[in-house]
Each structure stands twice: as structure tokens, then as C-alpha cells.
Amino acid sequence: MKTRGIKRQLIGTVVSDKMDKTAVVQVERLVKHPLYKKYIRRRNKFAAHDKENICNIGDRVMITESRPISKLKRWRVTEIIEKAV
């Protein structure tokens, strides 16, 4: 039996919850500039599957890589780390 690879997990902030069973999560990371050696913030947005529609804008969530669920969704919301105030 072959073992499956480790799925990537990212932590980000929910920026949109308007779609049904979908949350758009913005993930921020620091990247070192190759010439100036200064750290730059890079942002990516991921459409993540939110089965119970429990995510709200501003929540910090953990998303996990998964098989394609729709045209844009390749991530699932696995847990809510911090609810928005």
C-alpha cells in the first residue's frame, strides 16, 4: 500500500464569506528580496471549502490542501483558530 504525501496546511484570514459553502482566505507570508535582503509581505487568496458555513469575515482559519472540489476550490477549512471580534 502506498502512503499519501503530507498535505500542505496554511493559516490565513477570511476576507469573504458571501458564497455558499465557500470562504476566501488570504494567506500572508514573508519573502526575502533577492537583491536588497529586505523582507516583503506577499499575499495569496485561496477559495476554501467551508462545509457548515461557519466562517465569518475576519476569522483566522487553518486550511488544508485537498482534491479539487470545484473549478477554483482546492482547499478545505479544517479549523477556526480565532473568531473575529
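1. Let's start at the surface of this predicted model. Five residues, R4, K7, K51, R67 and R76, come together there as a patch of positive charge.

2. One member of that patch, R67, is worth finding on your screen. Look in the loop that connects β4 (60–65) with β5 (75–82). Is R67 buried or exposed? It counts as exposed, because its relative accessibility is 57% and the cut-off for exposed is over 50%.

3. Now for the overall fold. The protein has five strands and zero helices, so if you read the elements from the N terminus you get β-β-β-β-β. Along the principal axes, the C-alpha atoms fill a box of roughly 45 × 45 × 25 Å.

4. Next, the inside. The protein has 85 residues, and 27% of them count as buried. In soluble globular proteins, nonpolar side chains tend to be buried together.

5. Which residues make up the largest nonpolar core? There are 11 of them: V14, A23, V25, V27, F46, A48, C55, V61, I63, W75 and V77. Two or more residues each come from β2 (22–32), β3 (39–49), β4 and β5. The biggest contributor is β2, which gives three residues to this core.

6. A last pointer for your viewer: β4 and β5 are handy landmarks. The loop between these two strands holds R67, a member of the positive patch, while both strands also give two or more residues to the largest nonpolar core.

Terms used:
Residues are numbered from 1 along each chain as its sequence is written. This is a predicted model: local features need pLDDT of at least 70, side-chain atom pairs count only at pLDDT 80 or more; totals for chains, interfaces and linings use all residues. Side-chain values use heavy atoms; hydrogens and water are left out. Patches are made of residues with over 30% relative accessible area and no salt bridge: like charges are joined within 9 Å, nonpolar side chains (Val, Leu, Ile, Met, Phe, Trp, Tyr) within 5 Å. Accessible areas come from the Shrake-Rupley method with a 1.4 Å probe; for residues, only the protein chains shown count as cover. A salt bridge is a side-chain nitrogen of Lys or Arg within 4 Å of a carboxyl oxygen of Asp or Glu. Lys and Arg count as positive and Asp and Glu as negative; His and the chain ends are not counted. The place of a charge is taken as NZ of Lys, CZ of Arg, CG of Asp or CD of Glu. Helices (H or I, at least four residues) and strands (E, at least two) are DSSP runs, numbered from the N terminus. Buried means under 20% relative accessible area, exposed over 50%, partly exposed in between (1.4 Å probe, protein chains only). A nonpolar core is a set of buried Ala, Val, Leu, Ile, Met, Phe, Trp, Tyr and Cys residues joined through side-chain atoms within 4.5 Å.
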